[in-house]
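Please walk me through how a few features of this model can be read, beginning with the charged side chains and ending at the nucleic acid.

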Number of protein chains: 2
Amino acid sequence: MIRRKGLTSVELAKLAGVSSATISRAFSNDPRIKPETRERVLALAAEHGFRPNAMARSLNNSRSRLVALVVNTVANPAEAEGLDLLIHRLQERELMPLLLCCANHEDRGHLMRIASTYQVDHVVLYSDAVSVDDALDIFRSATLIVASSEPLEGRALFDVRLDATAATAQIVDHLVGQGRRHFVYLSGRASSHIDKQRMRWFADALARHGMAFEIVEHGDYSYESGYKEAALLLRRLRPDVLVCANDLMAIGAKDAAALLGLKVADDVAIVGHDGVSLSNWDSHSITTILPPAGIVSDALAQFISLTPASEPQQRVVDCMVRWGRSTGEFPRH
Amino acid sequence: MIRRKGLTSVELAKLAGVSSATISRAFSNDPRIKPETRERVLALAAEHGFRPNAMARSLNNSRSRLVALVVNTVANPAEAEGLDLLIHRLQERELMPLLLCCANHEDRGHLMRIASTYQVDHVVLYSDAVSVDDALDIFRSATLIVASSEPLEGRALFDVRLDATAATAQIVDHLVGQGRRHFVYLSGRASSHIDKQRMRWFADALARHGMAFEIVEHGDYSYESGYKEAALLLRRLRPDVLVCANDLMAIGAKDAAALLGLKVADDVAIVGHDGVSLSNWDSHSITTILPPAGIVSDALAQFISLTPASEPQQRVVDCMVRWGRSTGEFPRH
DNA sequence: CGCAAAAATGTAAGCGTGTACATTGTTGCA
DNA sequence: TGCAACAATGTACACGCTTACATTTTTGCG
C-alpha cells in the first residue's frame, strides 16, 4: 500500500525549465505571466499529476478555503436537507466544508477549537446547540455566519434569520376558522431559541383571536419524542390542534394519534415546522412552515463570498406554508 | 468585524521564556519534555488562547488529521445515518471530516482533486457513484477506505463489505412460506454495485426454492421514484412481493400501493434495504435488511487508525433482518 | 567530588507555497 | 541607435510549525 508522493512546485519548475514562482503564478491566475507559458506549465502539471499543496498555500496567504459547518447532527433530515444544498453552493465556489457534528458531543468547544486550528475562513452556525459567543470566541479570525436563531443584539456577524409571522397567522386563521379552539405546542428543546421564536409567532397569531395555547416541553426534535409525548398529551389535554417544534415530531404525533384511534385533522389537526421532504410524503402530509426552497443556503453562500472586512449584514427570510392533509381541507386558494 | 489574529509558537515561546521547540513538544506530548514545564506552557497557552496552526503543523510532518468523506448526498437518510455515526467516531479521535457530496455534481474528479490538495490522511468511499480507480488515482498518498460495493479484485485497500446472504434467505423463506410466488425487484441505479449485489442475494435465495424474480430498473433511490415506479409496476405486474433497492423507495412503493387500494402485506409484501430509522416508524414499518447498528462506522473508524504502511484488510459484516408489518405476520423466531 | 550517562532544552534547517523586490527581455519612440 | 517604459521571469524570504542534532543541565554512582 505504499504510494508515491506527488512532486512539489520546485520539482515541476525544474521540469518546466522555469522558477517555482512561475509555477505559482500559473496556478493563481496571475496576470503577469505570459499566457503561453501558463498553458505550458499547466499542461506539464496535468501530465505529472501536480496540484499545489493547499496546506503550504494557506500557510502564507492565510486563506484556507475551508468552511466549518457547525450542525447538530446530519442524521436529522431537517438539518441534512439544508446542509446538502449549502454544501453544493460551497463546492461550486471551490470551498471545502469541514463538518462538525455537535449532537451527543459533550464538549462542543473542544470540537470547535480543533476546527479553528485549520484556519477556516468562515464558520456557518447551523445549530442552536452552540452559542454564538462561544463560536465568536473560538474562531477569532474567521467570519461567522449565523443561521441559528439566537438573538444577536448588535454582535457583528453575518446573519440569516427566519420570519414566520405571516405563515403562522395564515395557519392559525385557517384552524380557528374551522372552529378549533384548543391549541397545544409540543416544544423541541426548552432552551432552543428557534423554539421560543416559533412559540412567540403562534402566541401572536392566536392573540389576534383573543386566544392562547398550552405548552408541553418534553420533546427533543426526534420522531420518537413526538410519538411518546403526543401519546401522553393527546390523552391528557385532548387538544384541537397540536403544533410541533418540527416535522419529525409532528409525524411521530400523527402516528401516536392513529394509535389512540384519533383521526388526524378531524379529531386533532397537526402542524409541523421545517418542511423536510418526508413531511410531504403521501403517508404523512403534514401542514408545515418552511422557508422557500434553497433560499437559506443561497443566502449563506452569498455571505460567504464577502470578505471579513465587509460590514455585517442580515437577511430576513419570509417563511411560507405548505398545506397537508393534517389540517383538514385546504384553504380556498 | 476585524479581529485579532492569534499568536504564534515563537511568540508564546518568548512569553514562556523557552524556545519554540519546547512549545511544540508540549503540544505533541513529546516524552522528552519535563512534565512541569509542559504544564506551564499549556497553562500559558490556554491563558493566551494559543493553539498550534494545523496547516503549518501538517506541512512538515505530512499528517493532516483530515479525512475525506465521499458520499452521494447528505440529504438521504440511508447515507446520513451511517455518516453521522462515522463522524462521531472520527471526532472522538480528533480527526476532522472533509465532506464531499458527489450527487448532482457533474465532475466528481474535480471535487476529489481539490480535496486531495489538503493532504487528507484517509479517504472513506461511502458512495457507489465514485469509482475506486478514480479515487485511487487522485488520492495518491492517502489510505483509501471503501464502504461502497464495488468489487476490488486485489486492489490493495481497506474494505468494509456487507454480506446479506443469510438475511435475504430468511426473508425469502418466510415469504415463500406464506405462499407468495411472484417476486419483483425495483432497482436503484442499474450501474450501482450494491444493487447488483442485492439482486444476486435475492436470486440465490429464490433459487433454493426453484424460483426467480423480475427486475424493474427505473429507480433512483428516492421516495419519489419508488412511488412512481411502484404505481406503474404494481398495476402492470401484480407481484406478491416487491423488493426495493432501499427503504425510501420501499416507503414510496407502500404509499403507491395504498393509492391503488392495495393492502400492503395482504396483497403485496414490501421489502426494503438499509434499515434507516424512519422505515421503522409506525406509519411505515417496512421489513428491511441492515447491518447491525453502528458496526460499519466502527469498522471504518478502526481502519482509519491503521497506518498507510499496514497490510490491506477486509471486513465482512453480516446483515440482519428487521421485521416490519410490510411482510405480514412476523416469523415465529 | 568527579565524571559519564541521561534528561531537558536550544538551534537551525526545512516543509511547499506566495510574493515583494530584483533582474532580464522586449517594445516604442525620438 | 539609445533609452525609457513595460512585460516576463527569477531570487529569496516569510508563513508557523516539527525535528535532527547540538548544547546545557541534572542525575547516579564509584
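**Reading the model**

A: B:Arg32 counts as exposed, because its relative accessibility is 64% and exposed means over 50% relative accessible area, buried under 20% and partly exposed in between (1.4 Å probe, protein chains only). This is a predicted model, in which local features need pLDDT of at least 70 and side-chain atom pairs count only at pLDDT 80 or more, while totals for chains, interfaces and linings use all residues. Residues are numbered from 1 along each chain as its sequence is written, chains are lettered from A and ligands numbered from 1 in the order in which they are written, and side-chain values use heavy atoms, with hydrogens and water left out.

Q: How is a salt bridge recognised, and which residue forms one with B:Arg32?
A: A salt bridge is a side-chain nitrogen of Lys or Arg within 4 Å of a carboxyl oxygen of Asp or Glu. B:Arg32 forms one with B:Asp30, the closest N and O atoms being 3.6 Å apart, and the count over all chains comes to 20.

Q: Which parts of chain A are linked by the salt bridge between A:Asp173 and A:Arg208?
A: Helices (H or I, at least four residues) and strands (E, at least two) are DSSP runs, numbered from the N terminus. The side chains of A:Asp173 and A:Arg208 meet at 3.0 Å, N to O. This pair links distant parts of the chain, 35 residues apart, with A:Asp173 in helix α8 (residues 165–177) and A:Arg208 in the loop between α9 (193–207) and β7 (213–216). A:Asp173 is partly exposed at 31% relative accessibility, whereas A:Arg208 is exposed at 57%.

Q: Is A:Glu229 buried or exposed?
A: A:Glu229 counts as buried, because its relative accessibility is 8%. Its salt-bridge partner is A:Lys228, with the closest N and O atoms 3.7 Å apart, and A:Lys228 is exposed, with a relative accessible area of 54%.

Q: Which residues come nearest to DNA strand D?
A: A residue is near a strand if one of its heavy atoms lies within 4 Å of it. Of the 25 residues around DNA strand D, A:Thr22, A:Arg25, B:Ser9, B:Ser24 and B:Arg57 come nearest.

Q: Which atoms of DNA strand D lie by the polar side-chain atoms of A:Thr22 and B:Asn60?
A: A polar side-chain atom of A:Thr22 lies 2.6 Å from a phosphate oxygen of the strand, while one of B:Asn60 lies 2.8 Å from a base oxygen.

How values were computed. Polar contact = N/O pair within 3.5 Å; in protein donor to acceptor, adjacent residues only side chain to side chain.
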